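Biologist: I am new to this structure and would be grateful for a close look at a single part of it. Please choose one residue, describe its surroundings, and then place it within the whole.

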Amino acid sequence: MKKIGAIILSTVLTAVLAAGCGSNNTENSGNSASGSNSAGDTIKIGADLELTGGQASFGDSALKGAQLAVKEINDAGGVLGKKLELVEADNASKSEEATQAAQKLITTDKVVAIIGSTTSTNTLGIVPVAQEKQIPLVSSSATNPKVTVDERTKKVNEWVFRASFIDPFQGQVMANFASNTLKAKTAVIYTDTSSDYSKGLQTFFEETFTKNGGQILSKESYQQKDSDFKAVLTRIKAANPDVIYLPGYYEEVGKILKQAREMGIKAPFMGGDGWDSPQLAEIAGAAALDNTYMSNHYSPEDTAPEVKSFVDAYKAANSNAVPDGMAALGYDAVKLVADAITRAGAAEPAKIKDALAATKDLQLATGKISMNESHDPVKAAVVLKFVGGKQTFETKVNP
């Protein structure tokens, strides 16, 4: 009987505790009427980022930028009288892990919005979760159009936004730069076929370059984690293009550039914001980066007050390290969400979503942002040139 009594008591206690937990979960649910705005002293924002794996440099930079934004906002009094809390989740640079991380952030951590991921493929792993759970998602740097607009239905993903410009603009900028500044008449495109980002940029570069009268001599391909590119580079060298467009991520790009220069390929290489990592120069070597160009979201050399303020604050918080574009976009993603919560007057997902869509002329580190009808920010791009292994400002292109 004592044993039965103990079991009954244990069951009752468990039920009481479960009821208490259930009440707390309902109160803090992002989908509840009250939302996190009415519970506790913090507003939770999830960060679904590549903290390990092949794009860890991107995720690390974005996280540091996001952390700086949270610190600045909290030091200034928070949002709606509450502190922001950044809940980190590592997606290991994999789309399926990004999906699982988003589910945990929403169902377990009770975030009211998510920032991330940094890459298009990984962000596309989060989009269905954000749409189903009705939690705003702001990707810091996913540039593929499919992130905010469903490619099958052509409808805007209601709960999805981004802090970066999109690939059609980025591809157009570099194609025009190749034609007008470098005076290129011929090009080879070398694409990562395992990446939605790379395949998208290939399309948009090719469209604009050929419209300008240029000729694509060939389209070559590789995949992430490849390490020996000499066979393809031999064909590219024989084609002798005026420029080589390489829209990939820094890990493979660094290896390709190193091997290309060792083989005597002297043509200019061009790429996108996927090149933006301090590790690029480490992998390729500074000399291999000579005569290469990339499009990006901002330049730390920009003298605009908001850029200088961000760069100085980031350096002070990160041992004098110069923030790359991913850091600036992680910073801006948090600022976008915080601004939306402030204008919404409540940390409730539906209200945050509506406020994000209405964002207009918000001055951030990477420029002044207004959201268009596709939930993409209208903003400028910069073209950077590598000199001595370091990015230098070349030109700024407005949309």
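**Tyr190 and its surroundings**

Modeller: In this predicted model, Tyr190 touches Glu220, Ser221, Tyr222, Phe229, Val232, Leu233, Ile236, Tyr245, Leu246, Pro247 and Ile256, where residues up to four places away in sequence are not counted. Tyr190 itself belongs to strand β6, which covers residues 186–192. With a relative accessible area of 1%, Tyr190 is buried, because any residue under 20% is placed in that class. A further link across the sequence concerns Lys219: its C-alpha atom is separated by 5.9 Å from that of Tyr190, although the two residues are 29 residues apart along the chain.

These contacts lead to the wider setting. The largest nonpolar core has 50 residues, and Tyr190 is among those with the most contacts inside it, together with Phe205, Leu246, Leu257, Phe269 and Trp275. Helix α5 (residues 167–181) provides the largest share of this core, namely six residues. The core draws on both parts of the protein, with at least three residues from each of domain 1 (42–165 + 302–379) and domain 2 (168–296). Apart from it lies another core, of 46 residues, which includes Leu68, Ala69, Leu86 and Ala340. Leu246 links the two views of Tyr190: Leu246 is one of the residues that Tyr190 touches, and Leu246 is also listed with Tyr190 among the residues with the most contacts inside the largest core.

The division into domains gives the next level of the picture. The protein is divided into domain 1, made of residues 42–165 and 302–379, and domain 2, made of residues 168–296. Their centres, taken over C-alpha atoms, are separated by 28 Å. The contact between them takes 19 residues from domain 1 and 20 residues from domain 2. An unreviewed UniProt entry lists residues 42–387 as "domain: Leucine-binding protein". The end C-alpha atoms of that span lie 45 Å apart, and the span is 43% helix and 20% strand.

Empty space completes the wider view. The largest pocket holds about 680 Å³ of space. It is lined by 28 residues, of which Ser277, Pro278, Val322, Asp324 and Gln391 are the closest to its centre. At least two lining residues come from each of α2 (56–75), α9 (279–284), β14 (381–387) and β15 (390–397). Among the contributors, α2 gives the most, with four residues.

Finally, a few details of the backbone deserve attention. Most residues other than glycine have a negative phi, and most peptide bonds are trans. Against that background, Gly116 and Ser117 are joined by a cis peptide bond, with omega about -5°. Ser117 is found in the loop between β3 (113–115) and α4 (120–133). Ala92 is not a glycine, yet its phi is positive, at about 55°. This residue lies in the loop between β2 (83–90) and α3 (95–107), and its relative accessibility of 22% makes Ala92 partly exposed. Asn291, also not a glycine, has a positive phi of about 65°. Asn291 is located in the loop between α9 and β10 (292–296), and at 29% relative accessibility it counts as partly exposed. Tyr190, by contrast, is buried.

Conventions
Residues are numbered from 1 along each chain as its sequence is written. This is a predicted model: local features need pLDDT of at least 70, side-chain atom pairs count only at pLDDT 80 or more; totals for chains, interfaces and linings use all residues. Side-chain values use heavy atoms; hydrogens and water are left out. A nonpolar core is a set of buried Ala, Val, Leu, Ile, Met, Phe, Trp, Tyr and Cys residues joined through side-chain atoms within 4.5 Å. Buried means under 20% relative accessible area, exposed over 50%, partly exposed in between (1.4 Å probe, protein chains only). Domain bounds come from an automatic or database domain assignment. Contact means heavy atoms within 4.5 Å. UniProt positions are given in the numbering used here, feature names are shortened, and annotations may be inferred rather than shown by experiment. On a 1 Å grid over the protein atoms alone, a cavity is a set of points where a 1.4 Å probe fits but cannot get out, and a pocket is an open set with protein on both sides within 12 Å along at least five of seven lines; lining residues have an atom within 4 Å of a point. Grid points are joined across faces, edges and corners, and a volume is the space filled by probe spheres set on the points.
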